[in-house]
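Reader: Terms such as "buried", "core" and "patch" turn up in descriptions of protein models. Could you take one model and show how each term is earned?

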Amino acid sequence: GLRDCSVQRKHQKVVEEGPPPGFSPALMRQLREASIRLLREASYRGVATCEYLVISEGGEESFYFLEVNPRLQVEHGVTELLTDFDLVKAQVRIARGERLPAEAPEERGCAIEVRLCAEDPASSFAPSPGRIALLDLPAGPGIRVDAGIASGGTIPSEFDSMIAKILARGATREEARARLVRAVSDARVVVEGGMTNKGFLLDVLEHPEFRSGGVTTSWLDGTSLAAAPAPTIEALIVAAIETYQLERVKVRANFFAAAARGRPREIP
């Protein structure tokens with residue numbers, strides 16, 4: 001599978017998608033063939049990711065080899081969504097001496113991934129560690145979420161601040177993008193004393209230039225999206241409403257519990 005990781009902030013990936021928007025069939029075929037040839041010459045066995053820099057000038061496309069990562073990448077879920085092929089299982093089977101299927105799995109549709117992180121966009125995206133007081137992640141058709149933490153867990157300050165990877169698949173890129181926007185919007189996460197990049201991700205996904213596809217690795221740093229945003233009254237209102245709703249749920253649960261014991265109390 002081919003994946004585009006051009007949406008980066010200070011060389012850190014923000015959005016990954018496949019297949020790469022705007023790539024010609026000839027270029028994608030050349031990238032695949034170059035990767036296969038490279039790993040065969042190296043007698044490599046296992047799962048690996050070949051990385052390239054693609055240059056487009058005057059209608060001419062060329063690519064340059066960067067590196068091989070002898071492991072799965074964070075965005076491997078994009079390929080799994082496109083192919084329904086379990087790369088983790090393949091990695092284990094190769095280690096056991098088994099062989100891959102004779103034919104490569106066929107890709108279908110488009111898939112996009114974002115990284116939901118505990119970081120503060122208003123403080124130059126500094127890590128914002130802390131206890132996860134609430135984590136309600138989206139679900140539904142075409143949605144995949146990979147998370148290694150749950151409500152009550154803690155984002156440590158010593159390690160990566162990523163909370164979850166949220167992915168969406170669609171028949172077209174726009175369908176996958178719109179589905180991902182809804183999924184990120186539905187995600188509810190509260191870090192005690194901290195922040196997340198949820199709003200920033202939505203701004204990126206809704207940006208007209210991203211929606212058009214084919215942005216470069218310098219695109220995001222060149223937009224106002226990468227700058228620290230000013231706090232808005234809308235964010236405070238949303239936080240107040242969600243806090244009220246959470247407290248309301250607790251009060252209602254206590255009321256019904258008291259009523260079941262024959263001592264109902266008035267809900268304030």
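**Terms and their grounds**

Author: Val15 has Val114 of S5 opposite it. The model is predicted. Val15 belongs to a pairing in which strand S2 (residues 12-18) and S5 are joined by 4 bridges and run antiparallel.

Reader: Why are S2 and S5 called paired strands?

Author: Pairing needs at least two bridges between two strands. S2 and S5 have 4, so they count as paired. S5 is also joined to strand S11 (residues 162-170), by 8 bridges and again antiparallel. In that pairing Glu113 stands opposite Leu167 of S11.

Reader: What makes strand S5 mostly covered?

Author: S5 spans residues 110-117, and 8 of its 8 residues are buried. Cys110, Ile112, Val114 and Leu116 point one way, while Ala111, Glu113, Arg115 and Cys117 point the other way. Residues on both sides are buried.

Reader: How do you know that Phe125 is buried and not exposed?

Author: Buried means under 20% relative accessible area. Phe125 has 5%, so Phe125 is buried. Its place is in the loop between strand S6 (119-120) and strand S7 (126-127).

Reader: What makes the phi of Phe125 worth a remark?

Author: Its phi is near 60°, a positive value in a residue other than glycine. Most residues other than glycine have a negative phi. His11 also has a positive phi, about 70°, and is not a glycine. His11 lies in the loop between strand S1 (4-9) and S2.

Reader: Why is His11 called exposed?

Author: The cut-off for exposed is over 50%. His11 has 73% relative accessibility, so His11 counts as exposed.

Reader: Why is Leu53 called partly exposed?

Author: Partly exposed is the range between the cut-offs of 20% and 50%. Leu53 has 37% relative accessibility, so Leu53 falls in that range. Leu53 lies in strand S3 (residues 49-57).

Reader: What makes Leu53 part of a nonpolar patch?

Author: Leu53, Tyr64 and Leu66 form the patch on the surface, with about 300 Å² of accessible area together. A patch residue needs over 30% relative accessible area. Leu53, at 37%, therefore passes that cut-off.

Reader: Which residues touch the most other members of the largest nonpolar core?

Author: Val7 and Ile163 do, in a core of 36 residues. S2, S5, strand S8 (130-136), S11, helix H4 (173-186), strand S12 (188-191) and helix H5 (198-206) each supply at least two residues of this core. Another core, of 7 residues, lies apart from it and includes Leu27, Leu31, Cys50 and Tyr52.

Reader: What is Ile163 in contact with, beyond its neighbours within four places in sequence?

Author: Its contacts include Leu116, Ile132, Leu135, Val189 and Val191. Two of these residues also meet as bridge partners: Leu135 is paired with Val189 in S12.

Reader: What makes strand S10 and S12 edge strands?

Author: The open sheet of 3 strands has the order S10-S8-S12, with antiparallel pairing. Strand S10 (154-155) and S12 each pair on one side only. S8 and S12 are joined over 4 bridges.

Reader: Which peptide bond is cis?

Author: The bond from Gly18 to Pro19 is cis, with omega near -5°. Most peptide bonds are trans. Pro19 is found in the loop between S2 and helix H1 (25-41).

Terms used: Residues numbered from 1 in each chain as written. Predicted model: local features only at pLDDT ≥ 70, side-chain atom pairs only at ≥ 80, totals over all residues. Heavy atoms only, no water. Patch = residues over 30% accessible without salt bridge, like charges linked within 9 Å, V, L, I, M, F, W, Y side chains within 5 Å. Areas by Shrake-Rupley, 256 points an atom, 1.4 Å probe, with all protein chains shown as cover. Salt bridge = Lys/Arg side-chain N within 4 Å of Asp/Glu carboxyl O. Buried < 20%, exposed > 50% of the residue type's maximum accessible area, 1.4 Å probe, protein only. Core = buried A, V, L, I, M, F, W, Y, C linked by side-chain atoms within 4.5 Å. Contact = heavy atoms within 4.5 Å.
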